[in-house]
Amino acid sequence: MKKKMIAVSFLGTTLDSIKRSIRWTKWRPNISLVKQPDLVIDELYLLHGDPNYRLADYVKNDIALVSPQTKVHLTPMNFDDPWDFEEVYAKLYDFCRSQTFDIDECDYLFHITTGTHVAQICTFLLTESRHFPGRLIQTSPDQDKADRSIGKVQMIDLDLSRYDQLATRFDHEHQQGTEFLKGGIATRNKAFNQLIVQIEKVAIRSKAPILLTGPTGAGKSQLATRIYQLKKMRSMLSGQLVVVNCATLKGENAMAALFGHTKGAFTGAASAREGFLRAANNGLLFLDEIGELGLEEQAMLLRAIENHTFHPVGSDKDVQSNFQLIAGTNRDLRAQVAQGKFRDDLLARINLWTYTLPALKDRKEDLEANIDFELDKFSQQHGHQIRFNKEARLTYLKFAHSPQALWRGNFRDLGASVTRLCTLADSSRIAVGDVEEEITRLQSDWQPGHAHQHREVLPLFLSEEVIAQMDLFDRHQLNAVLRTCMQQPSMAAAGRELFHISRQQKTTANDSTRLQKYLARFGLKWRDIHRQKQPETQ
C-alpha cells in the first residue's frame, strides 16, 4: 500500500503572491510543489503569519484548482522577529512536538524554498535531529520547461554518507586528522591506530574532558599538544595551550598557581596573577600527572570544569574560563580513589573519554617508524641530515626488538638514544661502533643498580613537551642537579655539594644564589623541588 505524502511549507509572502491571470504562467514555490507530475502531495500544512491569512487562503484556493487531491491546512505561525534564531527554532520545535507523526503510514516532506534563512536553518536542524521525521525538499524555476509554473524539485538527503564524493572527502579528512595526531609516523600497531582514530573523532566532535593514561614516556604530552593543534586548525579553539605538571604544584602555592590570586592575598603576593586556568580561557589546559593534585585543589578543579567559574585566592568574586581539559596520569586513579587520595566525583567527571597509551614494549612493530621520526627531528633541529649505515641500522633494530631492550622510559628512552647516536656520529653516518656503544649504555642504564644512580627525575618537574625541546647536555646536567637537590635538606647544603670545588676558590660563598639562578633558567624554585622525595629514600 502506498504511503500518504504529507508536506509542510512556509507561505512565500513575495513569491506566492502573484495575482491576476499571469499567476498561472509564473513560477510560485507552493504551487510548483503540488504540480509535480511525479510527486503527489496528499496534505500540505501551509505555515503563515496572521497578517498574511488572506494570501494564504488565496494560495489554498489556487492549489485546489491545480491539485484537487491535496488537502491544505492553513496553520498560523507568528514570529515577533522572523530573524531571531531562538524564537524561530522554539516555535518550529513546538510545532513538531504538537504533531502526531505516523511514519508507518505516511512519508513527510519539509519544503525549505520559502521562509527566512533562519527558518530554513532551523528546519534543517529539526529534520537532521529527527524531531521532524522526514526529508527536505526544494523547488526552483525551470526555464527549459514549456510550463514554467511547474519548475523542478530536489530532495535533500541528510545522510551525507550516501553521497560518494562527500564520503570520500570526510574519509580523507579523518585520515589527515589521525595522521596529524600520530605526528606523521606510519604506525602499524593495530590497537594504537584504532585508539588514535577514535581520539580524532572525539577531539573534533566533543568539548568534554579527555583523560590520557599510560606509563611515563608513552607520549601523553605530545598527543595532548597535537589534539590542541588539530582543534586550533579547525577553528574550534581561539585560546592558547597551557601545560601544567601537577607534580610541581605542592603546598600553599598550588592553589594560587592553578586558580590565580589577588594582590596581597598572601605573603609574597606583590601583584595579582591570573593562574593557569584563566590563561587557558578559550583554549586547552593539559594537566599532566593530575593524580598529584591535593584534595583541595581537586575540589576547586571539579567546580571549574562543571561551571567554568572559580575563585582566585584572596578573592570573593567568581572569574570565568572556558577551557577544555585534557588530563594525564601514569597512576591508577581508581586505586587512588580507594585510598582517599583522589576524589571520586572528579574522576567521574574526567573519565568520559579515557585512553591508555601503550608502552613501547607493546608497540615494537612501530619501532622502525619512530626511529626514523627521531632521526628526522634531530636533522631538522640541527640543520644537517643524519642516517644509519645499513649494517648499523640492522644491528640497532635487532637489539631494539630483542627481549634485552627493556625501554623502561618508553619513547623518551628511544628519543634520547637516537639523539646520542646522532650527536656522536661522524660524517653524518651512524656506524656499527656507535650502535654497539649505545647498546652497552642502554643495557647499563636499565640495570637495577644503575636506576638509583642515574634515575631521570625531570618528569617530576617539567612536562614532556619542555623536556623534548632541551639539548641532551642540559637534560643530563639538570637531571643531576635535581637529584642532588632532592637528596639535600636545604638549598645551602645542595649548593655546597654541587660547587664543592669552585666554592673553595671564592672569598665569599654564594652557593645558594648560584643554585637559585641556575634553577630559575628552567622556571624552577627550591621550595617546589624539595617537596619531591626520591622513592629510594622513603
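Leu-285 has Leu-325 in β12 as its bridge partner. Bear in mind that this is a predicted model. The two strands involved, β9 (residues 284–288) and β12 (residues 324–329), run parallel and are joined by four bridges. As background, strands in a sheet pair through backbone hydrogen bonds, in either a parallel or an antiparallel way.

Zoom out and you get an open sheet of five strands, ordered β8-β9-β12-β7-β13, with parallel pairing. At its edges sit β8 (241–245) and β13 (353–356), each of which pairs on one side only. From one strand to the next, the twist averages 15 degrees. Helix α6 (residues 190–205) lies across β7 (210–213) and β13, and its direction makes an angle of about 150 degrees with β13.

Now for two residues in helices. Here is how they compare on burial:

| Residue | Relative accessibility | Status |
|---|---|---|
| Asp-511 | 6% | buried |
| Ser-379 | 11% | buried |

Asp-511 counts as buried because its relative accessible area of 6% falls under the 20% cut-off. You'll find Asp-511 in helix α21, which covers residues 511–520. What does Asp-511 touch beyond its neighbours within four places in sequence? Its contacts there are Ala-492, Gly-495, Arg-496, Phe-499 and Arg-503.

Ser-379 belongs to helix α13, residues 367–382. Setting aside residues up to four places away in sequence, Ser-379 is in touch with His-384, Gln-385, Ile-386 and Arg-387. As for Leu-421, it is 42 residues from Ser-379 in sequence, and their C-alpha atoms are 12 Å apart in space.

Conventions
Residues are numbered from 1 along each chain as its sequence is written. This is a predicted model: local features need pLDDT of at least 70, side-chain atom pairs count only at pLDDT 80 or more; totals for chains, interfaces and linings use all residues. Side-chain values use heavy atoms; hydrogens and water are left out. Buried means under 20% relative accessible area, exposed over 50%, partly exposed in between (1.4 Å probe, protein chains only). Contact means heavy atoms within 4.5 Å. Two strands pair if DSSP finds at least two bridges between them. Axes are lines fitted to C-alpha atoms, for helices over the stretch in contact, and angles run from 0 to 180 degrees between N-to-C directions.
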